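Welcome, and please open the model in your viewer. We will walk through it one selection at a time.

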Amino acid sequence: MKILVPCKRVPDPDQKLRLNAETVGIDPAALTYILNPFDAIAVEEALRIRETAHPDAEVIAVSIAPAEGEADLRTALAMGADRALLIEHNGPTDPWNVARLLAAVIEHEQPTLVLMGKQAVDDDANQTGQFLAAQLGWPQATFASQIEFIDDGLRVHRETDLGIEVIRTTLPAIVTADLRLNEPRYASLPSILRAKKKSIEQTTPAELGVQLEPRVRLIGMELINSQRHCEKVETASNLLAKLRETEVVE
Amino acid sequence: MEHDGTALRSGSGAALGFARALSEDITAFVLGENLEAMAGEAAKLAPVLVADHPALAAPVADRWAHVIAEVARAQNAELIVATSTTWAKDIVGRAAGLLGGAMASDVIGHEMVDGELHLRRPMFAGAVNATIVLEGSPKIITVRPSAYDAPTAATTPFTIEAVATDAFDVEKLPNATQFESLDRKTGARPDVTEARIVVSGGRAFKNSEDFEQHVGGLADALGAATGSSRALVDAGITPNSLQVGQTGKIVAPELYLALGISGAVQHLAGMKNSRVIAAINQDPDAPIFEFADYGLVGDVYEEVPRLIAELNSSQ
């Protein structure tokens with residue numbers, strides 16, 4: 001069976017962001033990128049499936065990025081993915097068009113399972129997996145915290161606001177990974193070196209026959225700084241007095 | 001409108017508040033099974049359309065999204081709005097995928113500019129607010145419950161109408177997903193996303209007993225919900241359901257008390273819109289203080305018992 005893992009390249013969330021001169025985007029100068037942490041969890045889960053339930057599984061990482069996005073696909077290869085595919089694209093993408101590009105790859109590769117992060121930590125949209133499932137007419141299991149193969153389908157534990165929900169789906173299916181699905185492995189130095197030598201397959205939106213249709217137009221951005229001024233108090237008793245003044249505590 | 005099978009979720013009216021701000025012609029849509037009580041609640045806020053059918057007993061995404069999309073098409077809806085929750089992300093997100101993908105998540109503000117709907121939404125864990133325009137119709141939007149109020153309840157309820165019998169074909173509903181169970185969080189304390197006061201604990205707490213004694217104890221003295229930083233969930237000290245942050249719950253209570261929480265960006269994303277924020281932390285330079293209105297530098301193991309004692313003695 002084939003498992004496809006879409007991998008997004010995102011700015012490292014632990015760095016200080018600056019806006020570009022037009023304030024319609026993040027200043028790309030000196031920005032460092034990483035593999036979206038939720039996608040790393042999806043890669044890890046695919047590898048664990050290959051190591052346990054389905055030793056025959058082929059794990060394919062796919063990314064939509066400029067040429068330098070190869071680096072993040074090599075992270076997936078170093079973790080243990082069998083193949084990597086870069087859809088080379090410069091410029092912005094939105095979840096609708098990412099889903100269309102992935103759907104074109106899926107039509108060609110015919111995977112049994114698509115495992116991906118529930119959201120990317122740059123735009124925080126949490127839409128791509130759902131859009132892809134809708135476009136393909138496949139079942140979806142979002143926010144997965146546990147995945148189990150049963151008969152000819154999956155049993156998935158999902159983290160919802162109301163509690164842990166358990167659903168069964170047929171295959172093929174789209175599963176999006178939540179934080180608690182697993183803890184991704186660190187690639188060893190030898191596997192990082194091996195991954196550097198592996199070839200990365202290349203394609204483009206045009207080759208996939210997809211003409212991008214933007215759904216989201218960015219007008220502007222502003223950096224959010226705290227507007228609060230912290231009043232330091234000396235004792236627990238003083239703190240309680242302040243909270244009573246605000247009338248949120250009786 | 002989201003419900004839990006017995007009542008509307010408390011934030012669900014925010015979506016109607018957003019819709020009302022843009023249009024007089026709004027409809028509250030409720031789907032599921034045995035919806036009488038929920039339809040009645042919704043009818044206090046807007047005219048209601050119901051899809052009540054045994055085939056919709058459990059909120060499985062492929063079926064419910066299919067019905068939402070079919071009804072939206074039949075109604076010629078230009079705007080589909082839901083309050084941002086895991087339910088909306090899963091199901092309304094899929095419906096958006098069936099309706100052309102012009103979707104904005106977690107909207108916190110809007111403005112009409114030259115006839116275009118500008119939407120404000122957080123990105124990068126709330127470090128940035130972006131203003132966007134959606135291209136295409138219908139537009140699908142989820143809004144943060146803290147950003148919009150429900151419309152004022154009407155004294156005379158609005159009408160309740162069932163969807164036309166041919167609105168969706170039960171035979172053609174997707175059948176690839178089966179609901180098995182829902183392990184509802186039960187506990188005496190209020191839900192962290194719905195509480196007026198949230199007491200939250202971080203890395204300073206060494207184990208579950210200490211967390212329960214201090215964070216739980218203070219929450220009970222205040223009638224509050226408990227929350228947790230990601231560090232404690234990762235360490236197995238608190239359950240997932242308590243996690244506040246970019247990847248957990250987004251909360252905006254009247255008061256957020258951060259105990260022994262340093263204030264990582266991803267945690268701040270989940271609570272910085274609270275009305276009043278107070279923090280206790282041993283490190284005077286902890287980033288949480290930049291986002292707090294009141295700060296006490298000290299050891300939570302010493303300061304929290306003092307707060308609990310003073311609250312209990314004054315009752």
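Before the first stop, one term: a nonpolar core is a set of buried Ala, Val, Leu, Ile, Met, Phe, Trp, Tyr and Cys residues joined through side-chain atoms within 4.5 Å. Keep in mind throughout that this is a predicted model.

**Stop 1: the cores**

Select L132(A), F29(B) and V67(B). In the largest nonpolar core, which has 52 residues, these are the ones with the most contacts inside it. Now add helix α3 of chain A, residues 95–109: with nine residues, this helix gives the most to the core.

Stay with L132(A) for a moment. Which residues does L132(A) touch, leaving aside those up to four places away in sequence? Light up A99(A), L102(A), A103(A), I106(A), V114(A), M116(A) and I174(A), and you have them. For a second, separate core, of 42 residues, select I41(A), A65(A), V121(A) and L179(A), which are among its members.

**Stop 2: chain A as a whole**

Show chain A alone, as a cartoon. You should find six helices and 13 strands. The C-alpha atoms of chain A fill a box of roughly 65 × 45 × 40 Å along the principal axes. Of its 250 residues, 56% are buried. Switch on the surface of chain A: about 11,200 Å² is accessible, and carbon and sulfur atoms account for 50% of that.

**Stop 3: a patch on the surface**

With the surface still on, colour L189(A), I192(A) and L193(A). Together they form a nonpolar patch with about 280 Å² of accessible area. I192(A) sits in helix α5 of chain A, residues 189–197. Is I192(A) buried, partly exposed or exposed? Its relative accessibility is 33%, so I192(A) counts as partly exposed. One thing helps when looking along a helix: an α-helix has 3.6 residues a turn, so residues three or four places apart point the same way.

**Stop 4: backbone details in chain A**

Go to T23(A), in the loop between β2 (9–11) and β3 (33–35) of chain A. Its phi is near 50°, a positive value in a residue other than glycine. T23(A) is partly exposed, with 38% relative accessible area.

Next, centre on F143(A), in strand β7 of chain A, residues 140–150. Here too phi is positive in a residue other than glycine, near 55°. At 1% relative accessibility, F143(A) is buried.

Then zoom in on L171(A) and P172(A), which are joined by a cis peptide bond with omega about 0°. P172(A) belongs to the loop between β9 (163–170) and β10 (173–177) of chain A.

**Stop 5: over to chain B**

Show chain B as a cartoon and look for eight helices and 15 strands. Its radius of gyration is 21 Å, close to the 20 Å that the globule rule gives for 315 residues, so chain B is as compact as a globular protein of that length.

Pick helix α1 of chain B, residues 13–22. How many of its 10 residues are buried? Seven are, and the helix is mostly covered. The buried ones are G13(B), A14(B), A15(B), L16(B), G17(B), F18(B) and A19(B). Among the elements that cover them are strands β1 (28–32), β3 (79–83) and β4 (103–107) of chain B.

**Last stop: a cis bond in chain B**

Finish at S137(B) and P138(B), linked by a cis peptide bond with omega about 0°. You will find P138(B) in the loop between β7 (128–134) and β8 of chain B.

Methods
Residues numbered from 1 in each chain as written. Chains lettered and ligands numbered in written order. Predicted model: local features only at pLDDT ≥ 70, side-chain atom pairs only at ≥ 80, totals over all residues. Heavy atoms only, no water. Patch = residues over 30% accessible without salt bridge, like charges linked within 9 Å, V, L, I, M, F, W, Y side chains within 5 Å. Areas by Shrake-Rupley, 256 points an atom, 1.4 Å probe, with all protein chains shown as cover. Salt bridge = Lys/Arg side-chain N within 4 Å of Asp/Glu carboxyl O. Helix = DSSP H or I, 4+ residues; strand = E, 2+ residues; numbered from the N terminus. Buried < 20%, exposed > 50% of the residue type's maximum accessible area, 1.4 Å probe, protein only. Contact = heavy atoms within 4.5 Å. Rg over C-alpha atoms; globule rule 2.2 N^0.38 Å.
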